[in-house]
Amino acid sequence: MTCLLASDVSLSLGGRHILRSVTMSVQSGAVVGLIGPNGAGKSSLLRLLAGLKVPDTGCLLLDDQNLASVPAHWRARQIAFMPQEIVRPPPMSVRHVAALGRLAHGESGSVAFHHPKVTEALEQTGLLQSADRPAHRLSGGELARLSLCRMLCVDAPVLLADEPVAALDPAHALMVMSLFQKAAHQDGKAVVVVLHDLALAARFCDQLVLMQDGAIRAHGLPEDVLAETLVRDVYQVTTRRIGTIPVPWDLCP
Ligand SMILES: Nc1ncnc2c1ncn2[C@@H]1O[C@H](COP(=O)(O)OP(=O)(O)OP(=O)(O)O)[C@@H](O)[C@H]1O
């Protein structure tokens, strides 16, 4: 059982308080959705969870080990991270770029290129047919799926993805969210996904953490966190419901 915990973390950057006393955790078998308005601190928190930034106060614990003191190569095998910014890769094939995920295991060259996990991840992200295409010629959504694919190639017990569906069409967004759900529920991964789509958050996440102004405003079951009054207050939008699923409808008057 893997557990990643951010315990009372605070972070300041450029003289601004970015995160204030944030505590949250994710365990094997669960998808946690990190939601909140632009600038709320979601990406900053995700980078702390990935061990890519160190908090000013508080700590990050992976199975009781402080992320600040574990070897980087061990951390890279435990936590796979998909950043929000998708960098256009150099002229390499899609499979070559995906195989870079195996570097976390010290694998490169043909060992990485032919690794079964790479083929599986290409298939899961709908890129197997495009494996030989030049990666730098992919569309924005295809590049986002390649970034996700590379993360899956790490085969880590913890998956952290920053807005993985922001550039995807509805079918691929549903495919990717189903993929995260399966990774958690069937394969026992611990998954944290940053999302702006409240309907996807409601449908596919087991728990939601709602951030506002660098702090956690609410956390718990999606139906509780996405209560109409809370969504209205935090996002300044009204919603309409399809069952329990909220759809942002209008700006608050
Ligand atoms: N290096 C930095 N120096 C100063 N401020 C920063 C720095 N990095 C981030 N910030 C600020 O921290 C706040 C939180 O940024 P963050 O990217 O974590 O928000 P977010 O919730 O992920 O937003 P979005 O939904 O727009 O991606 C923002 O106001 C941002 O401008």
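Student: Which elements each supply at least two residues of the shell around the ligand?
Tutor: In this predicted model, strand β2 and helix α1 each supply at least two residues of that shell, and the largest share, 3 residues, comes from α1.

Student: OK, and which residues are around the ligand?
Tutor: The residues around the ligand are Leu 13, Gly 14, Arg 16 and Ile 18, then Gly 36, Asn 38, Gly 39, Ala 40 and Gly 41, and finally Lys 42, Ser 43 and Ser 44.

Student: How does that shell split by class?
Tutor: The shell around the ligand has 7 polar residues, alongside 3 nonpolar and 2 charged ones.

Student: Back to α1 then: is the helix mostly covered or uncovered?
Tutor: Helix α1, which spans residues 42–49, is mostly covered, with 6 of its 8 residues buried; the buried ones are Lys 42, Ser 44, Leu 45, Leu 46, Leu 48 and Leu 49. Just after the helix, Gly 51 takes a positive phi of about 80°.

Student: Which sheet strands does α1 touch?
Tutor: The sheet itself should come before its contacts: 6 strands form an open sheet in the order β6-β7-β8-β3-β9-β10, with mixed pairing. Its edge strands are β6 (79–82) and β10 (215–220), each of which pairs on one side only, and the twist averages 15° from one strand to the next. Helix α1 packs on this sheet and touches β3 (31–35), β7, β8 and β9 (207–212), while its direction makes about 155° with that of β8.

Student: And β7 with β8, parallel or antiparallel?
Tutor: Strand β7 (residues 158–162) and strand β8 (residues 190–194) run parallel and are joined by 5 bridges; one of the pairings places Leu 160 opposite its bridge partner in β8, Val 192.

Student: What about β1 and β2, how many bridges there?
Tutor: Strand β1 (residues 3–13) pairs with β2 in the antiparallel sense over 8 bridges, and the bridge partner of Leu 13 in β2 is Arg 16. The two strands form a hairpin with 2 residues between them, and Gly 14 in the turn has a positive phi of about 55°. Leu 13, Gly 14 and Arg 16 are also among the residues around the ligand.

Student: Staying in β2, why is Leu 19 classed as buried?
Tutor: Leu 19 lies in strand β2, residues 16–27, and it counts as buried because 27 other C-beta atoms lie within 10 Å, where the cut-off is 20 or more.

Student: What does Leu 19 touch, leaving out residues up to four places away in sequence?
Tutor: With those left out, Leu 19 touches Val 9, Ser 10, Leu 11, Gly 41, Ser 44, Leu 45 and Gly 214. Val 9 is 10 residues from Leu 19 in sequence, and the C-alpha to C-alpha separation of the two is 7.0 Å. Two of the other contacts, Ser 44 and Leu 45, are buried residues of α1.

Student: Switching topic, how do α5 and α6 cross?
Tutor: The axes of helix α5 (residues 116–124) and helix α6 (residues 140–153) come within 9 Å and cross at roughly 145°, and the crossing is right-handed. On the α5 side the contact is made by Lys 117, Val 118, Ala 121, Leu 122 and Gln 124, and on the α6 side by Cys 149, Leu 152 and Cys 153.

Student: What classes do those contact residues fall into?
Tutor: The residues of the contact of α5 with α6 divide into 6 nonpolar, 1 polar and 1 charged.

Methods:
Residues are numbered from 1 along each chain as its sequence is written. This is a predicted model: local features need pLDDT of at least 70, side-chain atom pairs count only at pLDDT 80 or more; totals for chains, interfaces and linings use all residues. Helices (H or I, at least four residues) and strands (E, at least two) are DSSP runs, numbered from the N terminus. A residue is buried if 20 or more other C-beta atoms lie within 10 Å of its own, exposed if 12 or fewer, and partly exposed in between; C-beta atoms are placed from the backbone. Two residues are in contact if their C-beta atoms, placed from the backbone, lie within 7 Å. Two strands pair if DSSP finds at least two bridges between them. A residue is near a molecule or strand if its C-beta atom, placed from the backbone, lies within 6 Å of it. Ala, Val, Leu, Ile, Met, Phe, Trp, Tyr, Cys and Pro count as nonpolar, Asp, Glu, Lys and Arg as charged, and the others, Gly among them, as polar. Axes are lines fitted to C-alpha atoms, for helices over the stretch in contact, and angles run from 0 to 180 degrees between N-to-C directions. A crossing is left-handed if the near helix is turned anticlockwise from the far one by less than a right angle, and right-handed if clockwise.
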